[in-house]
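Biologist: I would like a close look at a single part of this model, one strand and the strands it pairs with. Please take the pairing first, then whatever else is worth reading alongside.

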Amino acid sequence: MQNIQLYIEGNRMDMFKDESVSLTQTIQNVKDIAKIFTNFTKTFSLPASKDNNKVFEHYYNYNIDDGFDARVKKTATIELNYFPFEKGKIKLEGVDMRDNKPYAYRVTFFGDTVDLKDLLGEDKLDALTWLNNFTTNYNAAQVQGALRNGKDFTVDAVTYTDALVVPLITHTDRLYYNSASTGDGNLHPNGTTQQGVLWNQLKFAIRVDLIIKAIEQQYGITFSTDFFNSSNVPYYNLYMWMHRKKGFIDDPNAPATYDHIVDFGLPDTSGWNHLTISGENIIVSGLTGAHKITATFTVDPDASESSDYTVQLLQGGTVVETFSGTAPSDVSVSADLGNGTYNLKMIVSETFTVTDVEFDAADLLQPISGTFNSGSFTINATKSFSGTAQMPNMKVIDFLTGLFKVFNLTAYKQDNGTIKVETLDNFYSGGSTFTIDEYVDMSQRQIDVALPYKEIDFGYKGLGTKLAIQHSQLTQGTEWGKAEYRGGDAETDQMAGGIYKVEAPFEHMKFERLLDAGSSYAQTDAQVGWFVDDNDDPYLGEALLFYPIRISSGTSIRFLNDESTDYDDITDYYIPSNSVSTSASTDDDNLHFNQELNEYTPTETFAGTLFANYYTSYITDVFKVKRRLVKFKAYLPLKILRTYTLADKFVIGNQEYRINSITTNLGTGESDLELLNIV
């Protein structure tokens with residue numbers, strides 16, 4: 001028997017003497033391949049003792065103001081015989097009453113990685129305010145510069161090379177190449193004809209690695225560099241197209257507007273328990289129950305101003321309050337701020353100077369109050385391409401889990417607080433081996449089919465652009481980039497089970513290398529993307545990931561700085577690609593799950609698919625005819641319980657097994673092992 005010690009936010013909890021606490025541990029389960037799991041317990045009970053009542057603040061009494069908030073998981077640790085065993089979170093599920101008195105609190109323990117989802121919540125990518133460091137003017141000069149050479153930014157003395165690029169992806173007009181004709185969208189430089197790609201048909205794209213850094217900055221977390229590093233080319237060269245709305249970033253026929261996020265600097269909030277202000281971010285945290293911070297924002301335009309203006313209060317990138325005024329009159333709005341990150345955005349129609357924005361805050365429970373000021377600033381009448389405002393409408397947690405599906409990544413929290421992210425193959429390569437014959441009950445075991453599926457399909461959610469749709473039509477329903485893995489022969493497969501889908505929540509485009517229709521369809525160096533639907537209408541779709549490849553001294557194309565007379569002929573530009581390189585001999589890594597005909601080099605030699613690089617070892621292994629899912633009962637000693645990891649192997653009777661899942665009664669040490677035999 002082990003003695004269990006449970007601590008919630010540092011408070012030692014009283015335990016029922018014979019209470020069963022069972023912890024399930026699994027990181028990738030053959031029954032649900034696409035999910036990343038965390039450790040969790042079956043719900044167990046704690047006595048409603050005097051000390052426990054203090055921790056849970058008499059939760060059974062719902063008349064208590066600002067009592068225990070069961071909606072929020074609390075930091076917890078489990079010890080076995082006073083040795084550290086597991087860190088995580090506790091969630092209060094409810095209270096059992098007997099004779100109108102509290103008898104027990106029902107709680108569930110979750111492993112540490114689950115707090116990532118709690119931390120990110122429903123926030124979307126446009127809530128990542130660190131990305132505003134990568135805001136640029138949106139005009140012909142900036143677009144052409146990033147199309148030809150990319151755009152570097154320096155943030156906090158760190159230079160990010162090619163943080164933004166502009167790829168040859170148009171949101172409305174189709175591009176083509178014909179040296180024997182003229183017409184809108186024709187990239188061929190023909191005398192002084194105003195034809196080519198108009199600058200505002202293009203949008204910026206941001207390096208995915210910067211989105212990862214923005215998540216770290218926003219939420220105060222650290223990812224390991226096992227996978228997220230600049231040497232990992234298939235990851236580091238990946239970009240996301242900054243496509244917030246279909247078509248133009250603004251209606252070209254509508255009056256121009258210009259926006260600005262108010263910066264309050266770094267005021268001293270050291271005396272506040274629940275409020276922090278960091279530049280553009282107003283961060284409220286640690287509130288419980290219905291408690292809120294009361295806030296009033298007052299915008300004071302410069303006395304010389306006379307135009308209308310609009311102010312929006314954002315929480316996690318979502319507008320929660322809107323108010324408007326006409327300068328030089330000021331306007332005020334009051335709001336109650338719960339836990340979250342807030343920003344104040346101003347929207348104007350011309351250059352606009354603000355004397356001050358005053359933020360009055362009060363925490364009545366603490367109690368404390370204060371006033372914070374932005375000081376004077378000017379909003380310039382220059383259209384900007386904001387690092388947040390133009391991000392796709394996607395949740396941060398969906399972006400992360402999407403990357404995990406694309407590259408078959410796994411994650412867990414290390415003792416130093418870093419979230420270790422690595423491929424599943426790397427995770428399993430680092431394990432140790434334990435021989436556990438003496439602890440296993442060999443009198444009974446259960447042997448099951450390892451995989452309850454006959455087929456696993458790998459693909460993308462977004463396949464709605466015109467050429468991707470046409471690909472499916474021309475191949476009788478085979479989706480672009482999709483891989484189907486079957487356990488048996490594709491023609492005679494009689495295996496039982498259903499079809500399991502691993503679907504990445506991104507758009508997957510089919511690009512087009514342009515041929516010169518005026519010169520016997522000779523290949524040009526230009527490859528383009530056309531982000532429209534099957535009816536040639538501008539398309540919103542999902543967030544697009546791609547690899548930009550810079551063409552140097554390539555086929556000359558015409559870039560239009562306006563619609564009338566101003567143009568430049570350029571030979572250096574970024575093309576969009578699903579492969580890291582245009583040459584398979586240089587690098588054959590690509591974003592397809594299936595091996596496809598490469599759009600730029602029409603060959604099938606780009607074998608470095610997502611399935612081949614990140615899934616094949618694990619999936620082909622569990623589909624082997626001799627693979628079994630074997631269930632044992634064991635009584636593992638504390639020296640193993642405290643030291644094994646899910647990357648380790650167990651040896652039973654000279655047979656090696658990989659851990660699929662383990663459920664352990666922490667009191668008795670009895671474990672239900674689900675193991676995959678290694679063949």
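Modeller: Strand β42, residues 649–652, pairs with β43 in the antiparallel sense, over four bridges. This is a predicted model, and the description below should be read as such. Within that pairing, K649 stands opposite R658 of β43. The two strands form a hairpin with two residues between them, and in this hairpin G653 takes a positive phi near 60°.

β43 itself covers residues 655–665 and is mostly covered, with nine of its eleven residues buried. Strand β44, residues 670–677, also pairs with β43, again in the antiparallel sense, and here there are seven bridges. R658, already named as the residue opposite K649, stands opposite L676 in β44. The hairpin of β43 and β44 has four residues between the strands, and G669 in this hairpin has a positive phi near 85°.

A further pairing of β43 involves a strand from far earlier in the numbering. β3, residues 22–25, runs antiparallel to β43 and is joined to it by four bridges. One pair of residues can be named here: T24 of β3 has T663 of β43 as its bridge partner.

Two other places can be read alongside this strand. One is helix α8, residues 466–474, whose buried residues are K466, L467, A468 and H471. These buried residues pack against two strands, β35 (512–516) and β36 (522–530). After the helix comes Q476, which has a positive phi, near 60°.

The other place is G317, in the loop that lies between β20 (308–315) and β21 (318–326). G317 counts as buried because its relative accessibility is 18%, and the cut-off for buried is under 20%. Apart from neighbours within four places in sequence, the residues in contact with G317 are D126 and A127. Between G317 and A303 the sequence separation is 14 residues, while their C-alpha atoms are 31 Å apart in space.

To return to the strand you asked about: β43 is paired with β42 over four bridges, with β44 over seven, and is joined to β3 by four. R658 is the residue of β43 named opposite K649 and opposite L676, whereas T663 is the one named as partner of T24.

Terms used: Residues numbered from 1 in each chain as written. Predicted model: local features only at pLDDT ≥ 70, side-chain atom pairs only at ≥ 80, totals over all residues. Heavy atoms only, no water. Buried < 20%, exposed > 50% of the residue type's maximum accessible area, 1.4 Å probe, protein only. Contact = heavy atoms within 4.5 Å. Pairing = 2+ DSSP bridges.
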